[in-house]
Amino acid sequence: MNETVHIPIMMEEILTQLPLKSGDIVVDATLGGGGHALALFEKVTPDGRLIAFDADQGALERFRRRVQSSKRGKEAIQNGNIVLVHQSFSGLEEALHTLDIHHVSAIFADLGLSSDQLNDRSRGFSFLSDGPLDMRFDTSCGESASDIVNTYEERVLAKIFSEYGDIRDAGKLAKCMVSERAIHPFVTTMDLVKFAEHTMRDRRASIPPATKLFQAIRIAVNREYEVLERFLNQAVHKVSNRGRIAVLSFHSGEDRIVKAKFREEARGCVCPKSFPVCRCGKKARLRLITKRPLVPSEEEIRSNSRSRSAKLRVAERIFSEET
């Protein structure tokens, strides 16, 4: 796939919540289709920098071609005003250190799959078309979805289905999967779809049976929750004073992690109320900009149904002598 078909979600809200100016350094931690990245870069030009991360080499190459199609974009990459990093955003701190960047003005992360990934049947993310059962963001390393469903123990599969997919009867589903793979190993996405349709029938469900199963396996393949937690820990350290962190999530598990981290970092003293003075010394490092997550407008949902479940949380860095 040479061109992106991804439509960036909640663009207006994100640009409003990240008040950038020329000369700032902004990180797009999940480049994807690059729509957010280009808009953020426009806010910091001509003297600012965009550092864009993605574990998907294809996403980086599509964006590079898109940017280099103009003289201005080609110069931005040549001059280091746009830097593309082939790495998961869990490597934020290391990559910025390599670039000799101590702090940045803003960090943005879109945790959703891009339409480019979903539409590429060779990646195995979508249950709407047949393809190899892969689901890796970075296809150069790690276990694929096929490895997980065909080799993981029943109890581990049950935990994945329960924790990452909120699947009822996760234990029963895992048992069925282990039995099925002994006869017919799972090789393609349609193998998994047929299995889901046969074992996860629920007339009350409003979504296809494979939806939660694919989500759970994809999260396990890419260790998404673990990677997200590492990223958030590093983001708090790398954003400058009054700089902001904005995270766009698409399902409850991700949103819970972001909400918990922001609240933890926005809380100061944790001493019991009975203590006359603080003994813990804990200082708040974030200020919550969005007490409740922002969501897409009804108009955006009508024009792009994939935005329906989006939630945007934003926090601002607070520095003190102790931090």
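# Briefing: salt bridges, strands and cores in a predicted model

The side chains of Arg 285 and Glu 265 meet in a salt bridge, with 2.9 Å from N to O; the term requires a side-chain nitrogen of Lys or Arg within 4 Å of a carboxyl oxygen of Asp or Glu. Arg 285 lies in the loop between H13 and strand S6 (286-288) and Glu 265 in helix H13, so the pair ties together parts that are 20 residues apart in sequence. This is a predicted model, in which local features need pLDDT of at least 70 and side-chain atom pairs count only at pLDDT 80 or more, whereas totals for chains, interfaces and linings use all residues. Residues are numbered from 1 along each chain as its sequence is written, and side-chain values use heavy atoms, leaving out hydrogens and water.

**Overall architecture**

- The protein contains 14 helices and 7 strands; both are DSSP runs numbered from the N terminus, helices being H or I over at least four residues and strands E over at least two.
- The radius of gyration is 21 Å, close to the 20 Å that the globule rule gives for 323 residues, so the protein is as compact as a globular protein of that length. The radius is taken over C-alpha atoms, and the rule is 2.2 Å times the number of residues to the power 0.38.
- The C-alpha trace spans about 65 × 60 × 40 Å along its principal axes.
- Of the 323 residues, 49% are buried, where buried means under 20% relative accessible area, exposed over 50%, and partly exposed in between (1.4 Å probe, protein chains only).
- Among contacts (heavy atoms within 4.5 Å) with a separation of 6 or more, 70% involve residues 24 or more positions apart.
- The protein exposes about 16,700 Å², of which carbon and sulfur atoms supply 48%; accessible areas come from the Shrake-Rupley method with a 1.4 Å probe, and for residues only the protein chains shown count as cover.

**Strand S4 and its partners**

- All 7 of the 7 residues of strand S4 (residues 104-110) are buried, so the strand is largely enclosed by the rest of the structure.
- Strand S1 (residues 25-28) pairs with S4 in the parallel sense over 3 bridges; pairing requires at least two DSSP bridges between the strands.
- Strand S5 (residues 239-249) also pairs with S4 in the parallel sense, over 6 bridges.
- Ala 106 of S4 is the bridge partner of Val 26, and Ala 106 also stands opposite Arg 244 in S5.

**Nonpolar cores**

- The largest nonpolar core has 33 residues, of which Val 27, Ile 51, Phe 231 and Phe 262 touch the most other members. Such a core is a set of buried Ala, Val, Leu, Ile, Met, Phe, Trp, Tyr and Cys residues joined through side-chain atoms within 4.5 Å.
- Helix H12 (residues 224-238) contributes the largest share of this core, 7 residues.
- Apart from this core lies another, of 30 residues, which includes Leu 118, Phe 125, Met 135 and Phe 214.
- Not counting residues up to four places away in sequence, Ile 51 touches Ile 25, Val 26, Val 27, Asp 28, Val 83, Val 85, Leu 96, Leu 99 and Ile 101.

**Salt bridges**

- The structure holds 16 salt bridges.
- In the pair introduced at the outset, Arg 285 is buried at 19% relative accessibility, and Glu 265 is buried at 5%.
- Glu 316 and Arg 287 form a salt bridge through their side chains (2.9 Å, N to O). This pair links distant parts of the chain, with Glu 316 in strand S7 and Arg 287 in strand S6, 29 residues apart.
- Glu 316 is buried, with a relative accessible area of 5%, whereas Arg 287 is partly exposed at 39%.
- Arg 242, Arg 244, Arg 287 and Glu 316 are joined into one network by salt bridges that share partners.
- Asp 255 forms a salt bridge with Lys 311, and their closest N and O atoms are 4.0 Å apart. The two residues belong to distant parts of the chain, Asp 255 to helix H13 (residues 252-266) and Lys 311 to strand S7 (residues 311-317), 56 residues apart.
- Asp 255 counts as buried at 8% relative accessibility, while Lys 311 counts as partly exposed at 33%.

**Gln 17 in helix H1**

- Gln 17 is found in helix H1 (residues 11-17) and is buried, with a relative accessible area of 15%.
- Leaving aside neighbours within four places in sequence, Gln 17 is in contact with Arg 244, Ile 289, Thr 290, Leu 294, Leu 312 and Val 314.
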